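Here are my notes for anyone opening this entry for the first time. Have the viewer ready and follow along.

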Amino acid sequence: MNLKIAVLPGDGIGPEISAQGVAVMSAVCEKFGHNVSYEYAICGADAIDKVGDPFPEETFKICMDSDAVLFSAVGDPKFDNDPTAKVRPEQGLLAMRKKLGLFANIRPVETFDCLIHKSPLKDELVRGADFICIRELTGGMYFGEKYQDDEKAYDTNAYTRPEIERILEVAYQYALRRRKHLTVVDKANVLASSRLWRQVAKEVAQKYPEVETDYMFVDNAAMRMIQDPKFFDVMVTENTFGDILTDEGSCITGSMGLLPSASTGEHTPVFEPIHGSWPQAKGLNIANPLAQILSVAMLFEYFNLMEEGKLIREAVNASLDADVRTPEIQVEGGAKYGTKEVGEWIVNYIKNA
Ligand code: IPM
Ligand code: MG
C-alpha cells in the first residue's frame, strides 16, 4: 500500500516522540512492503512563533493532501500564563479538528498488566478493564456561540440531530466489533442538548438490537468509571463530557503515557497520543514514546492493516516485559532507557520479528 503521512511534531516533547513514531512506522512499512512517504508540517506554539498561526493554511493543505496525520502534541507554558495572548497553541488543535471534520475521537482505555500497580485504583478493580470512549469532537460548547464581557460570559452547547446521529453510528460500529455493550453518557435530567442526544440515541438503538444500549448521566458515569471500570465496553458522549471522562479514563489505567487515540471524520484522520506536550521534559529524552507508537498501530488498523498493528502492539508489550521502559514506569533498580532507546528497541524488535 502507498501511505502518504503528514507528520506534525508540535511542541515540547512532541518532536522527540514523533521521531520514534516515524521510525516505527518506517520499520513496519519496510517489513510489510508498504511504500511510505512523510511530509512535515508546523503547528501549535512552534507555528505561532514562526508564522503567527497555530494551524497555518500550509499545514492544513499538507494534512488534506495526506492519507493520515501523525500528530504529537501542542502547548507551551508561555501562553498558559498569559491571559492576554490572542492566539494559543490549543486553538491550532481545535482548528485542525474542525477543518478536517474530525467529529469522532476514539480513545481506548486499556490496562497493561505490568503497570496495574501504577493505577490509583485497587488492582482487582482495574485489572482487565478495557473500554473505548467515543468522544464527539467538533460540536458542543467547544464550537458553539460564545460571548464574554466583564460582567457576563457564555458558551453554547449546541448539537444538531445529524451531528448526534453520525457519532452514534460510529459508536455502534465499535460496539458491534467488541462486546456489544454501548453506554450513552449525557445529562438529560438537566440539559436540553442532552435530551436531544438521548432521544436520537433511543431511535438509533432500534437499528442495533444485538447491542445492549444503556443510558447514564455523566456524573454517574464518572463515578462508575472509578467504582467498576470493567462495566464499560464502548461509551459515547458529547465533546465536553468526553474531554473530562477521557482524562479520568487515562489515569485509572496507571499509564497516561501509553494511551493513543484516533480522530476520524470527513477528511484525513489524525492519530495522536492522548497526553500533552510536557514542556518541562522537552529535550531531556525522558518522555514515553509508547502512546505515539501505539497511535501508529491505530493508524495501520484504520487502513485495515491488522497484522501491522498487531506487530507494533506485540513489540510494545515485549519492551514492557523486558523492562525497556522510560523512567516514569521503570521498575525499581531497572536500567535507564530514554525516549530514543525505547523507540530503537522497538524498531529492532520489529526488524527481527
Ligand atoms: C484533549 C485536550 C484538548 C481538548 C485541549 C488541549 C484543547 O484536552 O484533546 O483532550 O480539550 O480537547
Ligand atoms: Mg482533554
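The points below go from the overall layout to the ligand and then to a few single residues.

1. Before anything else, keep in mind that this is a predicted model. Every value below is computed from it, with local features taken up where pLDDT is at least 70.

2. Start with the overall layout. The protein is split into domain 1 (1-102 + 259-353) and domain 2 (120-252), so domain 1 is written as two stretches of sequence, with the range of domain 2 falling between the two numbers 102 and 259. The centres of the two domains, taken over C-alpha atoms, are 25 Å apart. As for how they meet, 9 residues of domain 1 are in contact with 8 residues of domain 2.

3. Now find ligand 1. Where does it lie with respect to domain 1 and domain 2? Both domains give residues to the shell around ligand 1, so it lies between them. The residues to pick out in the viewer are E90, L93, R97, R107, R135, Y142 and D243.

4. Which helix gives the most to that shell? It is helix α5 (residues 89-99), which supplies 3 residues. In terms of character, the shell has 5 charged residues and 2 nonpolar ones, and no polar ones.

5. Next, zoom in on the oxygen atoms of ligand 1. R97 places a polar side-chain atom 2.7 Å from one oxygen atom of the ligand, and R107 has a polar side-chain atom 2.8 Å from an oxygen atom of the ligand. For D243, an N or O atom of the side chain is 2.9 Å from a ligand oxygen. Taken alone, ligand 1 exposes 320 Å², and the protein buries 74% of that.

6. Away from the ligand, have a look at T326, in the loop between α12 (306-321) and α13 (339-352). Is T326 buried or exposed? Its relative accessibility is 1%, and since buried means under 20%, T326 counts as buried. The side chain of T326 makes a polar contact of 2.9 Å with the side chain of E328. Leaving aside residues up to four places away in sequence, T326 touches I286, A287, N288 and P289, and also Y337, G338, T339 and V342.

7. K187 is another loop residue to check; this loop runs between β8 (181-186) and α8 (192-205). At 17% relative accessibility, K187 falls under the 20% cut-off and therefore counts as buried. Which residues does K187 touch, not counting those up to four places away in sequence? They are S194, F217, V218, D219 and F241.

8. Finally, two backbone angles deserve a look. W278, in the loop between β12 (270-273) and α11 (290-302), has a phi near 35°, a positive value in a residue other than glycine. With a relative accessible area of 40%, W278 is partly exposed.

9. N304 also has a positive phi, of about 65°, although it is not a glycine. You will find N304 in the loop between α11 and α12. Is N304 buried or exposed? Its relative accessible area is 60%, which is over 50%, so N304 is exposed.

Key: Residues are numbered from 1 along each chain as its sequence is written. Chains are lettered from A and ligands numbered from 1 in the order in which they are written. This is a predicted model: local features need pLDDT of at least 70, side-chain atom pairs count only at pLDDT 80 or more; totals for chains, interfaces and linings use all residues. Side-chain values use heavy atoms; hydrogens and water are left out. A residue is near a molecule or strand if one of its heavy atoms lies within 4 Å of it. A polar contact is a pair of N or O atoms within 3.5 Å; within protein, one must be able to donate a hydrogen and the other to accept it, and residues adjacent in sequence count only if both atoms are side-chain atoms. Accessible areas come from the Shrake-Rupley method with a 1.4 Å probe; for residues, only the protein chains shown count as cover. Helices (H or I, at least four residues) and strands (E, at least two) are DSSP runs, numbered from the N terminus. Ala, Val, Leu, Ile, Met, Phe, Trp, Tyr, Cys and Pro count as nonpolar, Asp, Glu, Lys and Arg as charged, and the others, Gly among them, as polar. Buried means under 20% relative accessible area, exposed over 50%, partly exposed in between (1.4 Å probe, protein chains only). Contact means heavy atoms within 4.5 Å.
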